[in-house]
Amino acid sequence: MILYFTGTGNSRHVANQIAKVTGEQIEDIAIYLRQNDIGHYHSDRPYVFVGPVYAGRYPRVMTDYIRKAEFTGSRQAYFVATCAETPWITAKYAKRLAEKKRF
Ligand SMILES: Cc1cc2nc3c(=O)[nH]c(=O)nc-3n(C[C@H](O)[C@H](O)[C@H](O)COP(=O)(O)O)c2cc1C
């Protein structure tokens, strides 16, 4: 399952490309955020999170959502970030988030 968050569309584009190749279900986190839906997901295949780097890391609204949502099934996850050229602490924070979520 692919969950993406995007500001200007780049991460949606990347998520769509991953979905095209893998055939995975794709979800826009913003839709759930607007509905105040905490989110309960089940996938037997790895989760893929795609989002932008803003000021050196994933947007807080995206990571807060992932932190609160429930993910059952697969304990494998990929974190994909789109950025200009300076991802800074994105990987470190993604790793920390993955550990918190027991991925
Ligand atoms: C407010 C803002 C902050 C950004 N900060 C960074 C950054 O710290 N490092 C970087 O490499 N790119 C940065 N970028 C570029 C974005 O990460 C890049 O354009 C990304 O692909 C945008 O994804 P999106 O279209 O899914 O929102 C920033 C862009 C914006 C608008």
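**Figure 1. The aromatic cluster of the predicted model.** In this predicted model, one aromatic cluster is formed by Y32, Y41, Y47, F49, Y58, Y65, F71, F79 and F103. The count of aromatic pairs comes to twelve. Two of the pairs, both involving Y41, are shown in the close-up views that follow.

**Figure 2. The pair of Y41 and Y65.** A pair of aromatic rings is described by the distance of the centres and the angle of the planes. The rings of Y41 and Y65 form an edge-to-face pair, with 6.5 Å from centre to centre and 70 degrees between the planes. Y41 belongs to strand β3 and Y65 to helix α3 (residues 60-68), so this pair ties together parts of the chain that are 24 residues apart in sequence. Y41 has a relative accessibility of 6% and counts as buried. Y65, with a relative accessibility of 5%, likewise counts as buried.

**Figure 3. The pair of Y41 and F71.** Y41 also forms an aromatic pair with F71, and this pair is stacked, with 5.4 Å from centre to centre and 15 degrees between the planes. Distant parts of the chain are linked by the pair: Y41 is in strand β3 and F71 is in strand β5 (residues 70-73), 30 residues apart. Both Y41 and F71 are buried.

**Figure 4. The loop at N36.** N36 is placed in the loop that runs between α2 (29-34) and β3 (40-43). The relative accessible area of N36 is 71%, above the cut-off of 50%, and therefore N36 counts as exposed. Although N36 and Y65 are 29 residues apart along the chain, a distance of 9.9 Å separates their C-alpha atoms. Y65, in contrast to the exposed N36, is buried.

**Figure 5. Positive phi at W88 and R102.** Most residues other than glycine have a negative phi. W88 has a positive phi, near 45 degrees, and is a residue other than glycine. W88 sits in the loop between β6 (77-82) and α4 (90-100). With a relative accessible area of 65%, W88 is exposed. R102, again a residue other than glycine, has a positive phi near 60 degrees. The segment after α4 holds R102, which is exposed at a relative accessible area of 69%.

**Figure 6. The setting of the close-up views in the whole chain.** The chain contains four helices and six strands, and their order along the sequence is β-α-β-α-β-β-α-β-β-α. The radius of gyration is 13 Å, close to the 13 Å given by the globule rule for 103 residues, so the chain is as compact as a globular protein of that length. The C-alpha trace spans about 35 × 30 × 25 Å along its principal axes. Of the contacts between residues at least 6 apart in sequence, 76% join residues at least 24 apart. Buried residues account for 42% of the 103 residues.

**Figure 7. The surface and charges of the chain.** The accessible surface comes to about 6,200 Å², and carbon and sulfur atoms contribute 52% of this surface. There are 15 positive and 9 negative side chains, and 7 Å separates the centres of the two sets. Exposed residues shown in the earlier views include N36, W88 and R102.

Methods
Residues are numbered from 1 along each chain as its sequence is written. This is a predicted model: local features need pLDDT of at least 70, side-chain atom pairs count only at pLDDT 80 or more; totals for chains, interfaces and linings use all residues. Side-chain values use heavy atoms; hydrogens and water are left out. Helices (H or I, at least four residues) and strands (E, at least two) are DSSP runs, numbered from the N terminus. The radius of gyration is taken over C-alpha atoms; the globule rule is 2.2 Å times the number of residues to the power 0.38. Buried means under 20% relative accessible area, exposed over 50%, partly exposed in between (1.4 Å probe, protein chains only). Contact means heavy atoms within 4.5 Å. Accessible areas come from the Shrake-Rupley method with a 1.4 Å probe; for residues, only the protein chains shown count as cover. Lys and Arg count as positive and Asp and Glu as negative; His and the chain ends are not counted. The place of a charge is taken as NZ of Lys, CZ of Arg, CG of Asp or CD of Glu. Rings of Phe, Tyr and Trp (its six-membered ring) pair if their centres lie within 6.5 Å; planes under 30 degrees apart count as stacked, over 60 as edge-to-face and the rest as tilted.
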